[in-house]
Amino acid sequence: MLHESALFGQNIFIESNARGDLSDPVYIRAHDELKRQATATLDDLFGHYRLDALIRPTTEPAFRIDTVRGNSAGGGEFTGLAAVAGYPHLSVPMGYVNGLPLGLSIIGSAWSDARMLALGYAFEQASHARKAPNYLPSLEATEGAGRAFSPVH
């Protein structure tokens with residue numbers, strides 16, 4: 001029986017959970033090394049280039065969930081480095097692509113949380129990019145889409 005979580009990458013969580021708890025010395029060493037590398041990378045960027053923040057789209061534009069071929073995110077995510085380092089990261093509405101929202105990520109150096117919130121607030125006030133959420137019809141419900149989803153003979 002196929003578990004629906006496999007359609008959305010949840011198998012990673014299931015496999016991770018099966019590996020044991022977070023007190024495993026191998027896990028602790030790997031975690032500490034990744035954190036050291038992420039912190040060093042960000043500290044180097046902020047220090048060498050004298051940056052207040054790193055800014056770019058949070059991820060690629062939203063994509064349609066495909067239960068047959070799986071999700072097709074391109075891996076353009078910008079959140080992992082800050083998360084691993086434990087550095088502040090804020091995402092604010094930046095605009096829309098084909099009616100779907102796109103976020104702007106703002107990553108700061110260690111302990112710059114207040115500065116990142118101020119930058120995010122300033123961007124939101126200047127851009128007015130946020131719109132109240134609404135629900136778009138699924139692709140299958142749009143006119144003429146039925147032909148695209150019918151079996152080929």
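In the hairpin of strand 2 and strand 3, which residue takes a positive phi? Before selecting it, note that this is a predicted model, in which local features need pLDDT of at least 70 and side-chain atom pairs count only at pLDDT 80 or more, while totals for chains, interfaces and linings use all residues. Residues are numbered from 1 along each chain as its sequence is written, and side-chain values use heavy atoms, with hydrogens and water left out.

Now select asparagine 98: this is the residue with the positive phi, near 50°, in a hairpin that has two residues between its strands. Strands (E, at least two residues) and helices (H or I, at least four) are DSSP runs numbered from the N terminus. Extend the selection to residues 89-97 and 100-107, which are strand 2 and strand 3, paired in the antiparallel sense over eight bridges; two strands count as paired if DSSP finds at least two bridges between them. Within this pair, proline 93 has glycine 103 of strand 3 as its bridge partner.

Next, show the whole protein chain by secondary structure, which comes to five helices and three strands, running α-α-β-α-β-β-α-α from the N terminus on. Of its 153 residues, 20% count as buried, where buried means under 20% relative accessible area, exposed over 50% and partly exposed in between, with a 1.4 Å probe and protein chains only.

Move to helix 1, residues 11-18: the number of buried residues among its eight is zero, so this helix lies largely in the open. Glycine 20, which follows helix 1, has a positive phi near 120°.

For the interior, select Ala38, Leu42, Phe46, Leu54, Phe78, Ala82, Ala85, Tyr87 and Ile107, the nine residues of the largest nonpolar core. Such a core is a set of buried Ala, Val, Leu, Ile, Met, Phe, Trp, Tyr and Cys residues joined through side-chain atoms within 4.5 Å. Helix 2 (25-48) and helix 3 (80-85) each supply at least two residues of this core, and helix 2 gives the most, with three. Centre on phenylalanine 46, which, leaving aside neighbours within four places in sequence, is in contact (heavy atoms within 4.5 Å) with Leu51, Asp52, Ala53, Leu54, Ile107, Gly108 and Ser109.

Finally, select helix 4, residues 113-127, whose 15 residues reach 21 Å from first C-alpha to last, close to the 21 Å expected at 1.5 Å a residue, that span being 1.5 Å times one less than the number of residues. Just after helix 4, histidine 128 takes a positive phi of about 50°.
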